[in-house]
Amino acid sequence: MKKVVLAFSGGLDTSFCCIYLAQDRGLEVHSVIVNTGGFSDEELQEIEKRAYALGVKSHAVVDETESYYEGCIKYLVFGNVLKNATYPLSVSAERVSQATAIANYVKKIGADYVAHGSTGAGNDQVRFDMIFNILIPEVEIITPIRDLKLSREAEIEYLAQHGVEYSAEKARYSINKGLWGTSVGGKETLTSHETLPESAWPTQVSETESRKVELTFEKGELVAIDGEKLAPVRAIQKLQAIAQPFGIGRDIHVGDTIIGIKGRVGFEAAGPILIIKAHHTLEKHTLTKWQLSWKEQLSSFYGNWLHEGQFHDPIMRNIEAFLADTQKFVSGKVFVELLPYRFQIIGIESNHDLMSNKFGSYGEMNNAWSGEDVKGFSKIFGNQVMIWHKVNNEA
C-alpha cells in the first residue's frame with residue numbers, strides 16, 4: 001500500500017482528509033503535526049488520540065519551535081516586520097516552517113504522497129504546494145478539500161456518515177495558534193464591516209489595572225523580562241502570557257492574498273506586537289538614520305516575500321545577514337506600560353544610545369560643534385539646490 005504523509009492539525013479539514021485518504025483513496029495515512037510553539041503537551045496528546053481514532057497508520061509530532069525562532073522569527077524582530085503596518089505575519093511565517101518540516105518528514109519515511117487540508121481560497125495552499133515543489137518535487141501533492149470544493153457543512157456530514165461527530169459550533173471559527181500569535185477567522189472576517197465578537201477571541205480580557213514591564217534586549221533579541229533572564233523563545237511565551245489578558249495586540253488585518261483577492265483575518269499577538277514596537281524604539285536610539293532607512297526597505301521586502309511563501313529564495317539569506325549585522329549595538333532596556341486594550345512605550349536605557357548629551361541636546365545646547373561650523377555646513381549642504389534655482393530662474 002502506498003504511503004501518504006498528512007499535515008494534521010486535528011481540525012475539521014484534516015480530520016476529513018484522514019478518512020478520505022484511507023477509505024476513498026486506499027492509502028496508508030501517516031499523520032504529522034508540526035509544533036511551532038502553539039500546542040501544550042496535553043493538546044498534542046489529544047490530537048494524537050484523535051489521529052489514531054480516525055484510522056491513521058502512524059502519527060508523529062515534530063517540534064520546530066526553536067528552529068522556527070532561530071530561522072525566521074528572529075529576523076522578523078530584527079526587521080520590525082508588520083505586514084501593512086499591522087500584522088506580525090503570525091500564520092505566514094508559521095506555515096513556511098511547517099511545510100519545510102513536513103517535506104523533511106516525507107523524505108524521512110519515504111512517502112509516495114504528501115497531503116494538506118488547505119482550501120482553494122487562501123494563501124496556505126500556495127505556501128504548502130510551492131515549498132513541497134521546491135523541496136520534494138518528485139512527491140505528488142494531494143489536496144482533498146481544495147480539489148473536492150467542499151464546504152464546512154459537507155465535511156461535517158461526511159464525517160458523520162463515517163461515525164465521527166464534529167461540533168458545528170466548534171467549526172464556526174478557524175483558530176491557528178503559534179509562537180508568533182494566534183489567528184482567528186469566522187463569518188465576520190468574511191465581511192468588510194464586521195468585527196469579531198468578544199467571545200471569538202481565544203484569550204478573554206481579565207486585566208483591569210495598568211502594569212509596567214521592563215524588556216531587555218541584547219543584539220536585537222529579547223533576553224529578559226523585569227530582570228529575569230530567559231531564552232528568547234521562553235521570553236516570547238512569557239510576555240505573551242503577561243500581556244494577552246490585557247487584550248493588547250488584537251486587530252484585524254486586511255491584506256492582499258497571493259492569489260490576488262483581498263482578505264481579512266483577526267489575530268491576537270500581544271507578545272509579538274510589544275516586542276516589535278519595543279525593539280523598534282530601541283533601534284531609533286541606537287542606529288543611524290541610513291541604517292534605519294535601509295533596514296526598513298529590506299525588511300518590507302523580506303516580510304512580503306515570506307508572506308508569499310518564498311522563504312527558500314537565497315535572497316532571504318542575504319537579507320538576514322544584513323539584518324543580523326545591524327543588531328551589533330541594539331542592546332538595552334525598554335520600559336513599557338500595559339493597560340486594558342492598549343500599551344505605551346515609555347522609553348529606553350542603552351549604553352549605545354546615540355541621543356547622548358555629551359554631543360548636544362536637540363534645540364537646546366551644542367557641545368561638539370560651533371555656530372561657525374553650522375554656517376559653513378549649511379552653505380555647502382544646500383549648494384546644489386541653490387545652483388538649480390539660479391540656473392533655472394535665469395534661463
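**View 1. A hairpin built from β6 and β7, with two residues between the strands.** Like every view here, this one comes from a predicted model. β6 covers residues 174-178 and β7 covers residues 181-185. The two strands run antiparallel, and five bridges join them. Look for Gly-178 to get your bearings: Gly-181 in β7 is its bridge partner.

**View 2. The β13 and β14 hairpin, with Tyr-341 in the turn.** Here too, two residues sit between the strands. Tyr-341 has a positive phi, at about 70 degrees. On either side of the turn, β13 (residues 332-339) and β14 (residues 342-349) pair in the antiparallel sense, with seven bridges between them. Val-336 is a handy marker along the ladder, since Ile-345 of β14 is its bridge partner.

**View 3. An open sheet of five strands with parallel pairing.** Reading across the sheet, the order is β3-β2-β1-β4-β5. At the edges stand β3 (58-63) and β5 (140-142); each has a single partner strand, so one side of each has no neighbour in the sheet. Going from one strand to the next, the twist averages 25 degrees. Zoom in on β1 (residues 3-7) and β2 (residues 28-35) and you'll find five bridges in the parallel sense. One of the pairs to pick out is Leu-6 with its bridge partner in β2, Ser-31.

**View 4. Helix α2 lying across β2 and β3.** This helix takes in residues 41-53. Against β3, α2 runs at about 155 degrees.

**View 5. Helices α4 and α5 in a right-handed crossing.** The axes of α4 (residues 90-109) and α5 (residues 124-135) come within 9 Å, and they cross at roughly 40 degrees. On the α4 side, the contact is made by Val-91, Ser-92, Arg-95, Val-96, Gln-98, Ala-99, Thr-100, Ile-102, Ala-103 and Lys-107. From α5 come Asp-124, Arg-127, Phe-128, Ile-131, Phe-132 and Leu-135. Sort the residues of this contact by character and you get nine nonpolar, three polar and four charged.

**View 6. The largest cavity, with about 40 Å³ of space.** The count of cavities of 30 Å³ or more comes to one. Its lining is made up of Tyr-69, Val-77, Trp-180, Leu-222, Pro-232, Ile-236 and Ile-275. The elements giving two or more residues to this lining are α3 (65-78) and α8 (232-243). As for character, the lining of the largest cavity has seven nonpolar residues, no polar ones and no charged ones.

**View 7. The second largest pocket, holding about 450 Å³ of space.** There are 19 residues lining this pocket, and the closest to its centre are Gly-79, Asn-80, Val-81, Leu-82 and Glu-296. Two or more lining residues come from each of α9 (270-286) and α10 (289-307). The largest share belongs to α10, which gives seven residues. The lining of the second largest pocket is a mixed bag: five nonpolar, eight polar and six charged residues.

Technical notes
Residues are numbered from 1 along each chain as its sequence is written. This is a predicted model: local features need pLDDT of at least 70, side-chain atom pairs count only at pLDDT 80 or more; totals for chains, interfaces and linings use all residues. Side-chain values use heavy atoms; hydrogens and water are left out. On a 1 Å grid over the protein atoms alone, a cavity is a set of points where a 1.4 Å probe fits but cannot get out, and a pocket is an open set with protein on both sides within 12 Å along at least five of seven lines; lining residues have an atom within 4 Å of a point. Grid points are joined across faces, edges and corners, and a volume is the space filled by probe spheres set on the points. Helices (H or I, at least four residues) and strands (E, at least two) are DSSP runs, numbered from the N terminus. Ala, Val, Leu, Ile, Met, Phe, Trp, Tyr, Cys and Pro count as nonpolar, Asp, Glu, Lys and Arg as charged, and the others, Gly among them, as polar. Two strands pair if DSSP finds at least two bridges between them. Axes are lines fitted to C-alpha atoms, for helices over the stretch in contact, and angles run from 0 to 180 degrees between N-to-C directions. A crossing is left-handed if the near helix is turned anticlockwise from the far one by less than a right angle, and right-handed if clockwise. Contact means heavy atoms within 4.5 Å.
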